[in-house]
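Let's walk through this structure together, one region at a time. Have the sequence and the 3D view open as you read.

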Amino acid sequence: MTYVVTENCIRCKYMDCVEVCPVDCFYVGENMLVINPDECIDCGVCEPECPAEAIFPDSDSRAAAWAEKNATFAASWPNITRKGTAPADADEWNNKPGKAELFSPEPGTP
Ligand code: SF4
Ligand code: SF4
């Protein structure tokens, strides 16, 4: 089992999750984060910390569409261990529908 970052992380990137992960298994893209399923120890600590409620265990049906993306991009994006500055418009994007099509495959800056 692993935890999975899903659509509502896009353009939010509050990054509270990276501060609490005991094994530093978050990776950063241009507009969202992902979890490396091979490094995640399934502790669940990050799930309640995400203000966007974007993190689910892979046993949850809401994680299914994003599990492969987390695995794929965790392999190429840089590791992130410290909370950065969220975008100024992050709150406006929280819970906006249809964000999946805005997903960027480009790596972000830790
Ligand atoms: S706290 Fe949630 S929305 Fe923010 S970066 Fe982490 S997973 Fe994404
Ligand atoms: S479940 Fe635990 S190990 Fe996995 S990403 Fe969240 S905090 Fe890190």
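**A tour from the core outwards**

A good place to begin is the largest nonpolar core, which has 30 residues; the members that touch the most others are V5, C17, F26, Y27, L33 and I35. Strand 1, helix 1, strand 2, strand 3 and helix 3 each contribute at least two residues to this core. Please keep in mind that what you see is a predicted model.

Take F26 as a viewpoint within that core. Leaving aside residues up to four places away in sequence, F26 touches C17, V18, C21, L33, I35 and I80. C17, L33 and I35 from that list are also among the core members with the most contacts to other members.

Now step back to the whole protein chain. How many helices and strands does the chain have? There are 4 helices and 4 strands, and read from the N terminus they follow the order β-α-β-β-α-β-α-α. The radius of gyration is 12 Å, close to the 13 Å that the globule rule gives for 110 residues, so the chain is as compact as a globular protein of that length. The C-alpha trace spans about 30 × 30 × 25 Å along its principal axes. Of the 110 residues, 35% count as buried. If you look at contacts between residues at least 6 apart in sequence, 82% of them join residues at least 24 apart.

Helix 3, residues 64–74, is worth a closer look. Its residues W66, N70, F73 and A74 are buried. They lie on the same side of helix 3, because they cover an arc of only 95 degrees around the axis. An α-helix has 3.6 residues a turn, so residues three or four places apart point the same way. What do the buried residues of helix 3 pack against? Their partners are strand 1 (3–5), strand 2 (26–28) and strand 3 (33–35). Turn to the other side of helix 3 and you will find E68 and T72, both exposed. A65 also lies in helix 3, and A65 counts as exposed because it has 12 C-beta neighbours inside 10 Å. The C-alpha atoms of A65 and T2 are separated by 14 Å, with their positions 63 residues apart along the chain.

Next come the two ligands. Ligand 1 is surrounded by 13 residues, of which C9, Y14, C17, C50 and A52 are the closest. The shell around ligand 1 consists of 11 nonpolar and 2 charged residues, with no polar ones. C17 is a link back to the start of our tour, as one of the core residues that touch the most other members. Ligand 2 likewise has 13 residues around it, and here the closest are Y3, C21, C40, C43 and C46. By class, the shell of ligand 2 holds 11 nonpolar residues, 1 polar and 1 charged. You have already met C21, as one of the residues that F26 touches.

Two loops deserve a stop for their backbone geometry. M15 sits in the loop between strand 1 and helix 1 (16–20), and its phi is near 70 degrees, a positive value in a residue other than glycine. D42 is in the loop between strand 3 and helix 2 (46–49), with a phi near 60 degrees, again positive in a residue other than glycine. Are these two residues buried or exposed? M15 is buried, because 21 other C-beta atoms lie within 10 Å. D42 is exposed, because it has 12 other C-beta atoms within 10 Å.

Let's finish with two acidic residues. D16 lies in helix 1 and counts as partly exposed, because it has 14 C-beta neighbours inside 10 Å. Not counting residues up to four places away in sequence, D16 touches E49, C50, P51 and K83; C50 is also one of the closest residues to ligand 1. D16 and D58 are 42 residues apart along the chain, and their C-alpha atoms are separated by 20 Å. E101 is found in the segment after helix 4 (90–93), and E101 counts as exposed because it has 7 C-beta neighbours inside 10 Å. E101 and E7 are 94 residues apart along the chain, yet their C-alpha atoms are separated by 9.3 Å.

Key. Residues numbered from 1 in each chain as written. Chains lettered and ligands numbered in written order. Predicted model: local features only at pLDDT ≥ 70, side-chain atom pairs only at ≥ 80, totals over all residues. Near = placed C-beta within 6 Å. Nonpolar A, V, L, I, M, F, W, Y, C, P; charged D, E, K, R; others polar. Buried ≥ 20, exposed ≤ 12 C-beta atoms within 10 Å, placed from the backbone. Arc of directions from axis to C-beta. Contact = placed C-beta atoms within 7 Å. Core = buried A, V, L, I, M, F, W, Y, C linked by C-beta atoms within 7 Å. Rg over C-alpha atoms; globule rule 2.2 N^0.38 Å.
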